[in-house]
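Have a look at the sequence and the model below. This report walks through how some of its helices pack and which residues deserve a second glance.

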Amino acid sequence: MSVYEADALKITAEADHHGLTVCFLGKSDRRHPATVLTPWFEDLMPLLSNQRVHVDFRSFEYMNSSSFMPIFQFLQEAAQTATEVRVSYDQSKDWQRLSFSSLSTLASGWKNFQIEAQ
């Protein structure tokens with residue numbers, strides 16, 4: 001298992017027989033989150049190669065607008081590296097519904113990528 005933890009944000013990556021699950025928990029509210037998130041995502045990328053990846057945002061409480069781009073870039077690279085990327089989010093959280101509807105539009109051309117509202 002790989003874990004990133006700083007401030008109020010925790011991200012876990014755990015492999016099992018279904019593939020790799022990446023869970024976002026807590027809040028991402030740093031002013032410049034890319035400086036810490038991007039290196040962790042880059043270290044995680046080799047684990048995604050030829051894997052089915054589930055990225056779970058349902059327990060993610062908040063992300064500021066500065067956090068969207070590094071997370072978007074991670075998902076874009078994951079879609080290029082993994083065999084399949086499935087994103088799930090909590091549609092009862094307004095900010096998640098808005099963010100992931102935008103992501104769905106941006107990612108419409110990614111062939112092995114799907115977003116699920118739960």
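In this predicted model, the axes of α1 and α2 come within 10 Å and cross at roughly 15°. That makes α1 roughly parallel to α2, a label given to angles under 35 degrees. Axes here are lines fitted to C-alpha atoms, for helices over the stretch in contact, with angles running from 0 to 180 degrees between N-to-C directions. The crossing of α1 past α2 is right-handed, meaning that the near helix is turned clockwise from the far one by less than a right angle. On the α1 side, A34, L37, T38, F41, L44, M45 and L48 meet P70, I71, F74, E77, A78 and T81 of α2; contact means heavy atoms within 4.5 Å.

A word on the ground rules: residues are numbered from 1 along each chain as its sequence is written. Local features need pLDDT of at least 70, side-chain atom pairs count only at pLDDT 80 or more, and totals for chains, interfaces and linings use all residues, while side-chain values use heavy atoms, with hydrogens and water left out.

**Helix α1 up close**

Helix α1 covers residues 34-48, which is 15 residues. Its first and last C-alpha atoms lie 20 Å apart, close to the 21 Å expected at 1.5 Å a residue, where the expected span is 1.5 Å times one less than the number of residues. Helices (H or I, at least four residues) and strands (E, at least two) are DSSP runs, numbered from the N terminus. At E42, α1 bends by about 25°, and the proline P46 follows within four residues; the bend is the angle between axes fitted to the seven residues ending there and the seven starting there.

Which residues of α1 are buried? They are L37, W40, F41, L44, M45 and L48, where buried means under 20% relative accessible area, exposed over 50% and partly exposed in between (1.4 Å probe, protein chains only). Their cover includes the strands β1 (2-6), β2 (9-16), β3 (19-28) and β4 (52-56), along with α2 (65-81).

L48, which belongs to α1, is a good residue to click on. Leaving aside neighbours within four places in sequence, L48 is in contact with L20, V53, F74, A78, T81 and A82. The C-alpha atoms of L48 and F60 are separated by 21 Å, with their positions 12 residues apart along the chain.

**Four residues to compare**

| Residue | Where | Relative accessible area |
|---|---|---|
| L48 | helix α1 | 0%, buried |
| S67 | helix α2 | 0%, buried |
| D7 | loop between β1 and β2 | 59%, exposed |
| N50 | loop between α1 and β4 | 61%, exposed |

The two loop residues have unusual entries to check in your viewer. D7 has a positive phi of about 55° although it is not a glycine. N50 is not a glycine either, and its phi is positive at about 60°; N50 follows α1.

**Over to α2 and α3**

S67 of α2 is in contact with S28 and P33, once its neighbours within four places in sequence are set aside. How do α2 and α3 cross, and at what angle? The axes of α2 and helix α3 (residues 94-106) come within 12 Å and cross at roughly 45°. The two helices are therefore oblique to each other, and their crossing is right-handed. Here F68, F72 and L75 in α2 meet S99, L103 and L106 in α3.

Terms used. Angles under 35 degrees count as roughly parallel, over 145 as roughly antiparallel, 65 to 115 as roughly perpendicular and the rest as oblique.
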